[in-house]
Structure formats: C-alpha cells, structure tokens
Amino acid sequence: MQYGHYSSGMPPRRRKRRIKARFFIFLLVFFGLIALTVWGVASLLSGSSILVLGYGRIEEDSRAEAILIHKEEIGRLSSYSKVIYHATENQSVKVGDPIMTTYSQGYGNAQIQNLEDIRRQIAELQEANLSGIRDSDVDEFNRLIGLKTDEIKAFTRGARTGVALVEIERDLRTLLTQKQKSIKDKQKATGNTQLQDLYDRETEAETKIQSWTTVHTSTMDGRVSYIFDGYENVLTPDRRNNLTVEGVAGLIRNTAAPTVPPEEKDKFLPPIFRVVTPDEWYTLLLVREKDWTLAGGAKCELSFVGFEDMMFTATVESITGDGDQALVVLNMTEDIGPLINQRKLTAMLGSRVEGLMVPVKAIKDNGGIKGVYLEDGQTFVSVNVKAKDDHGYMLVESVEEGKLGPGTRIRAK
C-alpha cells in the first residue's frame with residue numbers, strides 16, 4: 001500500500017508563546033506615566049499651594065495720545081503800547097536777567113521828543129556857561145561815555161559777543177546820569193534860574209516816562225518763549241494730579257475748552273512771556289486701562305511722532321482709571337529741547353520690566369500693604385508691584401532687600 005502526502009487545506013498549527021514578565025513591567029510603567037500626567041494636569045488646574053519664585057520679563061510697544069505739561073513761570077500784563085525784547089525765543093536766562101521792557105498805555109513818541117528837546121536846551125546852556133572852562137570830571141565822563149558808545153556800535157555790528165546789549169546800555173545810562181548830575185551841581189552854584197527851570201522840567205518828564213516803563217526780569221533759571229496756546233493756566237504741574245480721564249480726553253479731542261475755577265480767573269492776566277524749566281516736565285497719557293502694564297515707579301522709554309530722533313526715559317508717577325481708560329502721568333527729567341512749545345502729541349512707548357513673577361492670586365493685602373506669604377503661611381513679605389501681564393501674573397520686587405529671590409517658596413493662594 002502506498003501512502004501519499006495528506007493535506008486538509010488548513011494551515012499548520014502555530015506554537016503557543018508564553019507572555020514574559022517584562023511585558024507586564026512595560027504596562028505598569030506605561031499606565032504609571034499616564035497616572036502621573038493626569039495628576040500633574042489636575043494639580044496645575046487646581047493650583048498647587050506652594051510656588052517656587054523665578055524671574056520674568058514683560059516687554060511692550062504701544063502708542064498713546066499725549067499732553068505735555070511744562071514747569072514754567074508766566075509773565076503777565078493786562079495791556080501795553082510798546083515792547084522792547086531783551087531775550088530771544090528759546091534763549092537761556094538766569095534769575096534777574098531782563099526779558100523785555102514794556103511801555104504802558106499813554107506812552108508815545110511825543111513824550112520822548114519833549115524830553116529830548118529839554119535836554120538839548122540844557123546842553124546848549126551848559127556849553128555856553130562852561131565855554132572856555134575845562135572841567136576834569138566832565139572830561140572823564142565824556143571819555144567813558146565814548147567807550148560805551150563804541151561798545152554798542154561793535155555789538156550791533158556783531159564784533160562784540162558774550163555780553164548782553166542791555167547791560168551795556170544800562171552802563172551808558174548810568175554814566176549819562178552821573179555826568180548830568182555833576183554838571184547840574186556845578187551849574188546850580190552859579191544861580192542860573194533858566195537852567196534850574198529846565199532841570200525841573202527834565203525831572204518831571206523823566207518821572208512821567210519812568211511811570212510808563214516796566215522792565216520784566218526772570219524769576220527763575222530757564223528758557224524764554226513768547227509762544228502761547230491757551231492751556232498755560234490749566235495744565236500746570238500743581239494741577240496734574242487733579243486732572244481726570246474725562247477732562248484730559250476732552251482736551252485731546254478738542255471737545256472741552258481749558259477752564260480754571262471762577263475764583264481764580266482774576267489772577268490770570270494775558271501772558272507776555274514764559275520761562276520754562278527744561279529738565280522738569282510731565283507727559284500725560286490716555287490709554288486703555290486693561291492694556292497698561294506698568295506700575296507706579298516703573299520706567300519706560302518713549303519718543304513722539306514728529307520727533308522720532310529724540311528718545312526720553314520717563315518714570316510712571318501715577319495711574320488713574322475709570323474702568324475703561326486710564327490717565328498715566330509720566331515724570332520727565334531730560335532736556336525738553338524742541339518740545340518747549342509742543343502740547344498735544346502722539347507718544348510711542350517701549351517698556352521692558354523684569355522682576356519676580358507671581359500669580360495675581362498670590363498677592364495678598366495685609367493692612368493696606370501688598371505682599372506675599374512664605375511657605376510657612378505666617379511670614380508676610382511686602383512687595384512693590386512693577387508690572388502685570390494679561391495672563392494673571394505680576395512682576396514684583398521685595399520692599400526689604402534679600403527677603404525674596406529666585407527659588408523662594410511662597411503660598412500660591
């Protein structure tokens with residue numbers, strides 16, 4: 001009998017494999033990692049009670065409508081008929097320097113011509129009386145007067161600089177007065193009644209002209225300007241903290257006119273000059289409250305549209321909000337330069353603040369003082385808030401040096 005190969009059409013049986021122990025170890029590790037991940041996410045969502053501090057940084061660039069406030073003294077006068085300027089626009093002056101001379105209503109060339117006619121008559125009589133007589137005092141006065149006259153001529157030609165023309169003119173007037181007094185004293189001794197009458201008329205004319213003349217001098221060191229915008233009475237340093245969001249918004253948008261309290265209106269005569277302190281001024285910013293991140297005392301850099309080549313460093317002095325907008329006052333201590341006559345501008349700000357990053361919920365209030373509690377839950381450390389971001393964090397620094405730093409463990413809630 002012959003046997004052939006039998007095939008049932010089914011595949012041959014495979015050998016069974018035994019599951020090894022390392023497979024169970026893999027599953028244990030895998031599910032352990034999943035459990036840890038779930039626990040970690042849950043911890044993050046629920047918030048850990050302890051937080052380890054680290055450094056953070058907030059950087060921001062933005063634009064805002066701005067108003068400038070200058071520290072300045074205003075010269076005021078109700079009216080005048082003539083003015084002589086001694087200081088030019090943007091000229092630096094010191095206390096006591098003459099800025100301008102004004103002549104009140106009633107002053108005119110007729111009065112000056114009358115005085116000159118009297119003095120001419122006096123000079124003619126004096127010359128006639130002193131003819132052939134040499135007087136050493138008069139000769140010395142004439143010599144000095146000639147020198148001062150030459151100085152004025154040199155000044156007007158541009159050959160003399162460094163000394164104010166008004167100072168030379170003042171010296172010349174002093175010499176002329178002294179010379180006249182010397183001559184008058186000598187002439188009075190002669191008993192000439194005609195000369196005495198002319199002297200009396202001269203004194204009367206001089207007194208009248210002097211009553212119409214006012215020399216305005218600077219009361220502080222600064223720079224002179226003769227440009228005004230109508231805001232000088234309202235936007236002053238001592239009023240900056242009384243301004244409101246609504247009021248500043250009205251000034252920026254020209255929907256509100258600058259006004260002063262009725263009881264103070266009588267103090268504000270029309271301005272005739274300003275003396276501006278160049279390194280003490282303020283910038284008011286109108287911003288969206290939720291977008292402003294810097295706290296009081298923080299520094300920022302800014303420039304202004306139209307003056308992009310000038311960069312200033314400012315300190316945040318105060319922030320006042322109404323829930324939607326905020327009024328930020330910046331203290332400026334760098335030279336104001338060409339902004340001396342600017343009022344409304346667009347500011348371009350760039351800020352970079354670094355500090356310890358703390359969740360807002362970790363900042364506590366202890367008797368009106370902001371701070372955080374250390375890990376023990378008992379020790380309170382006061383902080384200065386430097387900035388805040390849009391993600392619920394603040395940048396802070398410890399009020400007491402060394403109390404907080406990277407790695408310090410605090411209560412997170």
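# Exercises on a predicted protein model

Of the 413 residues of the protein chain, 35% count as buried (buried means under 20% relative accessible area, exposed over 50%, and partly exposed in between, with a 1.4 Å probe and protein chains only). The model is predicted, so local features need pLDDT of at least 70 and side-chain atom pairs count only at pLDDT 80 or more, while totals for chains, interfaces and linings use all residues. Residues are numbered from 1 along each chain as its sequence is written, and side-chain values use heavy atoms, with hydrogens and water left out.

**Exercise 1. State how many helices and strands the protein chain has, and what share of its contacts join residues at least 24 apart.**

Solution. Step one: the secondary structure comes to 6 helices and 17 strands (DSSP runs numbered from the N terminus, helices being H or I of at least four residues and strands E of at least two). Step two: consider contacts (heavy atoms within 4.5 Å) between residues at least 6 apart in sequence; 75% of them join residues at least 24 apart.

**Exercise 2. Describe the largest nonpolar core and the surroundings of L285.**

Solution. Step one: the largest nonpolar core has 32 residues (such a core is a set of buried Ala, Val, Leu, Ile, Met, Phe, Trp, Tyr and Cys residues joined through side-chain atoms within 4.5 Å). L285, L302, F304, L330, L339 and L349 have the most contacts inside this core. Step two: the elements that give it two or more residues include β2 (54-76), β8 (271-288) and β10 (307-321). The largest share, 5 residues, comes from β10. Step three: leaving aside neighbours within four places in sequence, L285 is in contact with ten residues' worth of partners, among them A64, W292, L330 and L349. Step four: a second, separate core of 16 residues includes I69, Y231, I252 and L286.

**Exercise 3. Compare the expected span of helix α5 with its end C-alpha separation, and locate its buried residues.**

Solution. Step one: α5 covers residues 193-211, which is 19 residues. Step two: the expected span is 1.5 Å times one less than the number of residues, and for α5 this gives 27 Å. The end C-alpha atoms are 27 Å apart, which agrees. Step three: the buried residues of α5 are L195, L198, Y199, E202, A205 and I209. Seen down the axis, they fall within an arc of 130°, so they line one face of the helix (the arc is that of the directions from the helix axis to the C-beta atoms). Step four: on the other side of α5, T193, E204 and S211 are exposed.

**Exercise 4. Is T101 buried or exposed, and which side chain does it join in a polar contact?**

Solution. Step one: T101 lies in strand β5 (residues 98-103). Step two: its relative accessible area is 6%, so T101 is buried. Step three: a polar contact of 2.7 Å joins the side chains of T101 and H86 (a pair of N or O atoms within 3.5 Å; within protein, one must be able to donate a hydrogen and the other to accept it, and residues adjacent in sequence count only if both atoms are side-chain atoms).

**Exercise 5. Determine the sign of phi for N90 and the loop that holds this residue.**

Solution. Step one: most residues other than glycine have a negative phi. Step two: phi of N90 is near 70°, a positive value. Step three: N90 lies in the loop between β3 (82-85) and β4 (92-93).
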